[in-house]
Amino acid sequence: MTGMRFTWNILLFGLALTCAVVAGKDGDGEEDKVSRTPTQCEVCRIFAHEMDSKMKETFKKKTLDVSSKPFTPDTRKIDYSRSELRLIEVLDSVCDKVADYHVHSKEGMQRYAKQESETIDTLNALRNRGVKVDIGMPWELVEKQPNKEIMALKRRCEALAEEYEDDLSAWYFQQQEQPLLDYFCRKNILKGEDQSCLDQPWEPFGLPYSDGTGVGKTKEESARPRPKDKKKDEL
């Protein structure tokens with residue numbers, strides 16, 4: 001009897017997930033209840049975070065040879081960390097990892113985090129334990145289902161990089177002593193507009209799940225078996 005209740009719980013859980021996935025896929029109806037358009041404040045804060053991350057990734061204590069005849073006495077070298085090449089590389093790829101974000105049922109900026117949904121993580125854990133999880137669609141479709149809200153977030157991130165290249169260049173070459181969040185978002189993009197999200201607590205890699213695990217879990221990490229829970233195993 002207990003096993004039957006557990007099976008029904010899994011089926012109902014799967015049905016709820018299916019409804020959420022379909023809602024995220026369609027452009028109307030239930031979509032409006034679970035999805036929304038990212039605000040300019042949210043887009044700018046995520047953009048600033050991603051650009052700061054790219055700046056750290058590309059920081060190299062080396063010089064670039066820009067002479068026409070390398071290895072000659074008149075070789076001209078420039079500092080890569082302040083070069084235009086570095087800026088181009090950063091802006092070309094600054095929004096690449098925005099697709100790694102997921103939408104969570106959290107308040108404020110914590111709505112967006114690079115952390116698997118706890119629902120998906122729970123289902124993965126059940127599947128890893130050999131439990132048959134039937135949600136009415138191929139599992140691969142659930143994992144690869146594009147989220148319209150995150151797609152919109154990525155498009156607007158790319159638009160910022162393209163439309164405000166001059167402002168970003170000014171910060172890069174002249175104002176790096178100022179945090180990008182303040183210079184670009186607070187003083188330029190959002191000047192005179194709502195800036196409330198800039199001061200909200202935010203952990204880009206996510207908060208712990210209800211069981212205390214899960215911070216920053218990627219899809220690969222989520223697929224790994226969780227430590228066994230005696231109470232769940234008894235079911």
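This presentation describes the fold, the nonpolar core, one helix and several side-chain contacts of a single protein.

Good morning, colleagues. The structure before you is a predicted model, and every value I quote has been computed from it. I shall begin with the overall picture and then turn to particular residues.

The protein has 11 helices and four strands. Of its 235 residues, 37% count as buried. Turning to contacts between residues with a separation of 6 or more, 69% of these are accounted for by residues 24 or more positions apart. The protein exposes about 14,300 Å², and 53% of that area is supplied by carbon and sulfur atoms.

Let me move to the interior. The largest nonpolar core contains 34 residues, and the members that touch the most others are Ile 46, Phe 47, Met 51 and Phe 184. Five helices, α3 (40–57), α4 (84–93), α7, α8 (165–174) and α9 (180–189), each supply at least two residues of this core. The largest share, eight residues, comes from α3. Met 51 deserves a closer look. Leaving aside residues up to four places away in sequence, Met 51 touches Leu 87, Val 90, Leu 91, Val 94, Leu 168, Trp 171 and Leu 180.

I now take helix α7 as a worked example. What end-to-end distance should we expect of α7? The helix comprises 16 residues, 148–163, and at 1.5 Å a residue it should span 22 Å; the C-alpha atoms at its ends are 22 Å apart, so expectation and model agree. At the N-terminal end, Asn 147 acts as a cap: one of its side-chain oxygens lies 2.8 Å from the backbone nitrogen of Glu 149. The buried residues of α7 are Glu 149, Ile 150, Ala 152, Leu 153, Cys 157, Leu 160 and Ala 161.

Glu 149 brings us to the salt bridges. A search of the whole structure finds eight of them. In one, the side chains of Glu 149 and Arg 111 meet, with an N to O distance of 2.7 Å. This pair links distant parts of the chain, since Glu 149 belongs to helix α7 and Arg 111 to the loop between β3 and β4, 38 residues apart. Are these two partners buried or exposed? Glu 149 has a relative accessibility of 1% and therefore counts as buried. Arg 111, at 13%, also falls under the 20% limit and so counts as buried.

A second salt bridge joins the side chains of Lys 154 and Glu 158, at 2.7 Å from N to O. Both residues lie in helix α7, four residues apart, or about one turn of the helix. An α-helix has 3.6 residues a turn, so residues three or four places apart point the same way. Lys 154 counts as partly exposed at 23% relative accessibility, and Glu 158 counts as partly exposed at 36%.

In helix α9, Asp 182 forms a salt bridge with Arg 186, and the closest N and O atoms are 3.0 Å apart. Here too the partners share one helix and are four residues apart, about one turn. Asp 182 is partly exposed, with a relative accessible area of 24%, and Arg 186 counts as partly exposed at 25%. Elsewhere, Lys 54, Glu 57 and Lys 97 are joined into one network by salt bridges that share partners.

I return to the loop between β3 and β4, this time for His 104. This residue lies between β3 (102–103) and β4 (112–113). His 104 has a relative accessible area of 10%, and because that is under 20%, the residue is buried. Which backbone atom does its side chain reach? The side chain of His 104 reaches the backbone oxygen of Gln 115, at 2.9 Å. Beyond residues up to four places away in sequence, His 104 touches Gln 110, Arg 111, Ala 113, Gln 115, Glu 116 and Ser 117. Arg 111, the salt-bridge partner of Glu 149, is thus among the contacts of His 104.

My final residue is Phe 205, found in the loop between α9 and α10 (219–222). At 46% relative accessibility, Phe 205 counts as partly exposed. The C-alpha atoms of Phe 205 and Lys 114 are separated by 4.8 Å, although the two residues are 91 residues apart along the chain.

To close, two items may merit your attention on the screen: the salt bridge between Glu 149 and Arg 111, and the core to which α3 gives the largest share. Thank you.

Terms used: Residues numbered from 1 in each chain as written. Predicted model: local features only at pLDDT ≥ 70, side-chain atom pairs only at ≥ 80, totals over all residues. Heavy atoms only, no water. Expected span 1.5 Å × (residues − 1). Buried < 20%, exposed > 50% of the residue type's maximum accessible area, 1.4 Å probe, protein only. Polar contact = N/O pair within 3.5 Å; in protein donor to acceptor, adjacent residues only side chain to side chain. Contact = heavy atoms within 4.5 Å. Areas by Shrake-Rupley, 256 points an atom, 1.4 Å probe, with all protein chains shown as cover. Core = buried A, V, L, I, M, F, W, Y, C linked by side-chain atoms within 4.5 Å. Salt bridge = Lys/Arg side-chain N within 4 Å of Asp/Glu carboxyl O.
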